[in-house]
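Here is a short briefing on one protein model. Look at the structure first, then read the points by topic.

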Amino acid sequence: MKLYFAPGACSLSPHIVLRESGAKFELEQVNNQEKKTKSGADYWGINPKGQVPVLEFDNGERLTEGPVVVQWIADRVQEWLNFITSELHKSFGPIFRPTTPDAYKTISRENLSKRFDWLDKQLAGKQYLMGDKFSVADAYLFTVLRWTARINMDLAKWPNLKAYVDRVAARPKVQEALKAEGLLQ
């Protein structure tokens with residue numbers, strides 16, 4: 001991705017959010033008066049509106065308007081939150097209920113195992129879901145993954161997932177929350 005920006009302009013907001021999200025991107029400075037990029041390109045050809053920011057994707061698609069760019073970044077977090085709630089969280093419920101037939105509990109565990117296979121690959125080479133920065137989705141995923149201990153599901157089968165849980169558990173604020181809830185001594 002590439003973010004077209006002008007120093008101190010409204011493009012600063014998506015620039016900050018991109019950095020905080022851990023996204024990988026390049027910067028291209030725009031001279032707002034001359035409508036030229038630092039590399040000499042005519043900015044009118046990049047954004048016919050003539051304004052920053054523009055977030056350009058590898059496929060050439062472009063987003064304009066600061067709030068739209070910020071919302072796109074937020075949607076990436078929202079995608080993780082939806083995956084966690086629909087594909088992981090919901091699968092634990094039947095396993096926790098004593099009235100659920102054992103055969104159904106087995107199916108739920110198999111579903112979790114498949115999701116963990118995929119999630120383990122997604123975390124390869126990453127500190128957190130969005131890259132190097134902790135997000136709200138990490139707090140939720142950590143919470144849900146802690147439940148594996150309650151159902152005797154060993155995360156060691158998924159080394160990236162196991163390392164991720166250990167990494168999140170070591171965060172000072174996570175430690176504070178766990179202690180305040182009586183989950184750590």
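Strand S1 (residues 2-5) and strand S4 (residues 54-56) run antiparallel, joined by 3 bridges. On the S4 side, Leu3 has Leu55 as its bridge partner. Keep in mind that this is a predicted model.

**The sheet**

- S1 also pairs with strand S2 (residues 26-31), this time in the parallel sense, over 4 bridges.
- Leu3 takes part here too: its bridge partner in S2 is Leu27.
- Helix H1 (residues 12-21) joins the picture, as S1, H1 and S2 make a right-handed β-α-β unit.
- In total, 5 strands form an open sheet with mixed pairing. Their order is S3-S2-S1-S4-S5.
- Which strands stand at the edges? They are strand S3 (36-37) and S5. Each has a single partner strand, so one side of each is left without a neighbour in the sheet.

**Strand S1 and Lys2**

- The side chains of S1 point two ways: Lys2 and Tyr4 go one way, and Leu3 and Phe5 go the other. All four are buried.
- Lys2 lies in S1. Lys2 is buried, yet it has no salt bridge.
- How far away is the nearest side chain of opposite charge? That side chain is Glu28, and it is 4.2 Å away. A salt bridge needs the nitrogen and the oxygen within 4 Å, so this pair does not count.
- Lys2 also has contacts beyond its neighbours within four places in sequence. These contacts are Glu26, Glu28, Val54, Leu55 and Glu56.

**Salt bridges**

- The count comes to 5 salt bridges. Three of them are described below.
- Lys49 and Glu65 meet through their side chains, 3.0 Å from N to O. Lys49 lies in the loop between helix H2 (43-46) and S4, and Glu65 in the loop between strand S5 (62-64) and H3. The pair therefore ties together parts that are 16 residues apart in sequence.
- Are these two residues buried or partly exposed? Lys49 has 45% relative accessibility, so it counts as partly exposed. Glu65, at 40%, counts as partly exposed.
- Arg62 forms a salt bridge with Glu56. Their closest N and O atoms are 2.6 Å apart.
- Arg62 is partly exposed, with 35% relative accessibility. Glu56 has 14% relative accessibility and counts as buried. The cut-off for buried is under 20%.
- Glu56 has already appeared above, as one of the contacts of Lys2.
- Glu176 and Lys173 meet in a salt bridge at 3.4 Å, N to O. Both lie in helix H7, 3 residues apart, which is about one turn of the helix.
- Glu176 is partly exposed at 46% relative accessibility. Lys173, at 62%, is exposed.

**The nonpolar cores**

- The largest nonpolar core has 31 residues. Which of them touch the most other members? They are Leu88, Phe116, Leu119, Leu129 and Tyr164.
- Five helices give two or more residues to this core: H3 (66-96), H4 (102-122), H5 (136-146), H6 (159-169) and H7 (172-180). The largest share, 7 residues, comes from H3.
- Another core lies apart from this one. It has 10 residues, among them Ala23, Phe57, Val69 and Ile73.
- Phe116 has a list of contacts of its own, leaving aside neighbours within four places in sequence. These are Leu88, Phe92, Leu145, Thr148, Met153, Leu155, Trp158 and Leu161.

**A look at Phe142**

- Phe142 lies in helix H5. With 6% relative accessibility, Phe142 counts as buried.
- What does Phe142 touch, not counting residues up to four places away in sequence? The answer is Tyr164, Val165, Val168, Ala169, Val174 and Leu178.
- Tyr164 is also one of the core residues that touch the most other members.
- Phe142 and Glu181 are 39 residues apart in sequence. In space, they are 15 Å apart, C-alpha to C-alpha.

Note on methods
Residues numbered from 1 in each chain as written. Predicted model: local features only at pLDDT ≥ 70, side-chain atom pairs only at ≥ 80, totals over all residues. Heavy atoms only, no water. Buried < 20%, exposed > 50% of the residue type's maximum accessible area, 1.4 Å probe, protein only. Lys, Arg positive; Asp, Glu negative; His and termini not counted. Contact = heavy atoms within 4.5 Å. Pairing = 2+ DSSP bridges. Right-handed = clockwise from strand over helix to strand, strands pointing away. Core = buried A, V, L, I, M, F, W, Y, C linked by side-chain atoms within 4.5 Å.
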